[in-house]
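Student: Please choose one part of this model for a close look. I should like to see how it relates to the rest of the chain.

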Amino acid sequence: MRKIILIGMLLFGFQTFAQTAEMEAFKDVFNAEKKTALGEFMDLETSQSAKFWEIYNDYTEERKDLANRRIELLKKYAYQYGTFTDEQASEIVKETFSIRDQSDKTLWKYYKKYEKEFGAKTAAKFVQFELYVQTSIDNELQTAMPLIDAN
């Protein structure tokens with residue numbers, strides 16, 4: 001799990017400087033590490049594995065746009081830091097809430113798919129893992145990002 005967080009921080013921490021190909025490589029490594037950790041956490045029976053990963057692959061594909069929006073938002077924050085206008089601050093907050101809202105809706109959608117296929121416990125375990133990873137990344141980002149100066 002610590003590898004996931006480290007890779008996530010690399011992915012988000014270097015977004016301003018990385019070339020597109022490098023960013024895609026970071027994302028690929030992050031997603032592979034995350035998938036490995038999820039597989040260990042879920043401890044699925046062989047008979048469940050194929051269907052679980054089929055649903056998960058759909059989930060990660062659907063979340064790609066959210067990840068890209070989040071990276072762009074972080075870039076915007078970094079570029080505008082120290083010079084925020086009220087309008088720019090408002091745009092960043094609106095986009096933050098939009099991303100969070102869509103992320104929650106997507107996770108809920110896939111919780112229901114997993115619940116239907118595997119039952120509530122397995123679906124809840126999936127959600128628990130996803131929220132842990134998301135919260136860990138959010139925590140690290142909040143710790144690393146400077147706060148907006150209201151003056």
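Tutor: Asp43 is found in the loop between α2 (20-42) and α3, and it is a convenient point of entry. Helices here are DSSP runs of H or I of at least four residues, strands are runs of E of at least two, and both are numbered from the N terminus. This is a predicted model, in which local features need pLDDT of at least 70, side-chain atom pairs count only at pLDDT 80 or more, and totals for chains, interfaces and linings use all residues. Residues are numbered from 1 along each chain as its sequence is written, and side-chain values use heavy atoms, with hydrogens and water left out.

The phi of Asp43 is near 50°, a positive value in a residue other than glycine. Asp43 is exposed, its relative accessible area being 62%; exposed means over 50%, buried under 20% and partly exposed in between, with a 1.4 Å probe and protein chains only. A positive phi, of about 100°, also occurs at Gly119, just after α4.

The loop of Asp43 belongs to a chain with five helices and zero strands, whose elements run α-α-α-α-α from the N terminus on. Of its 151 residues, 33% count as buried. The chain exposes about 9600 Å², of which carbon and sulfur atoms supply 53%; accessible areas come from the Shrake-Rupley method with a 1.4 Å probe, and for residues only the protein chains shown count as cover. Contacts, meaning heavy atoms within 4.5 Å, can be sorted by distance along the sequence: among those between residues at least 6 apart, 69% join residues at least 24 apart.

The interior merits the closest attention. A nonpolar core is a set of buried Ala, Val, Leu, Ile, Met, Phe, Trp, Tyr and Cys residues joined through side-chain atoms within 4.5 Å. The largest such core has 23 residues, and those with the most contacts inside it are Leu38, Phe52, Tyr56, Tyr114 and Phe126. At least two of its residues come from each of α2, α3, α4 (86-118) and α5, and α5 gives the most, with seven. Phe52 is in contact with Leu38, Met42, Leu44, Tyr114, Phe118 and Phe126, leaving aside neighbours within four places in sequence. Another core of six residues lies apart from it, with Leu66, Leu73, Tyr77 and Ile99 among them.

Helix α4 has 33 residues, which should span 48 Å at 1.5 Å a residue; its end C-alpha atoms are 47 Å apart, which agrees. The expected span of a helix is 1.5 Å times one less than its number of residues. The buried residues of α4 are Ile92, Ile99, Ser103, Thr106, Leu107, Tyr110, Tyr111, Tyr114 and Phe118, and they pack against α3 and α5. An α-helix has 3.6 residues a turn, so residues three or four places apart point the same way.

Helix α5 (residues 120-144) has 25 residues and reaches 36 Å from its first C-alpha to its last, close to the 36 Å expected. Its buried residues include Thr122, Phe126, Glu130, Gln134 and Asp138.

Polar residues take part in the packing of α4 and α5. Ser103, placed in helix α4, is buried at a relative accessible area of 8%, and it is in contact with Arg63, Leu66 and Gln134 once neighbours within four places are left aside. Gln134, in turn, lies in helix α5 and counts as buried because its relative accessible area is 14%. Beyond four places in sequence, Gln134 touches Tyr59, Arg63 and Ser103.

A further polar group is found at Arg69, in helix α3 (residues 46-80). Residues up to four places away being left out of account, Arg69 touches Glu95, Ser98 and Ile99. The side chain of Arg69 makes a polar contact with that of Glu95 (2.9 Å); such a contact is a pair of N or O atoms within 3.5 Å, where, within protein, one must be able to donate a hydrogen and the other to accept it, and residues adjacent in sequence count only if both atoms are side-chain atoms. The C-alpha atoms of Arg69 and Ser98 are separated by 9.9 Å, although the two residues are 29 apart along the chain.

Confidence remains to be considered. pLDDT is the predictor's confidence in each residue, from 0 to 100; its mean over the chain is 84, and 82% of the residues reach 70 or more. Confidence is highest in α4, at a mean of 95, and lowest in helix α1 (residues 2-13), at 51. Over residues 3-7, pLDDT stays under 50, and for this stretch the model has 14 contacts beyond four places in sequence.
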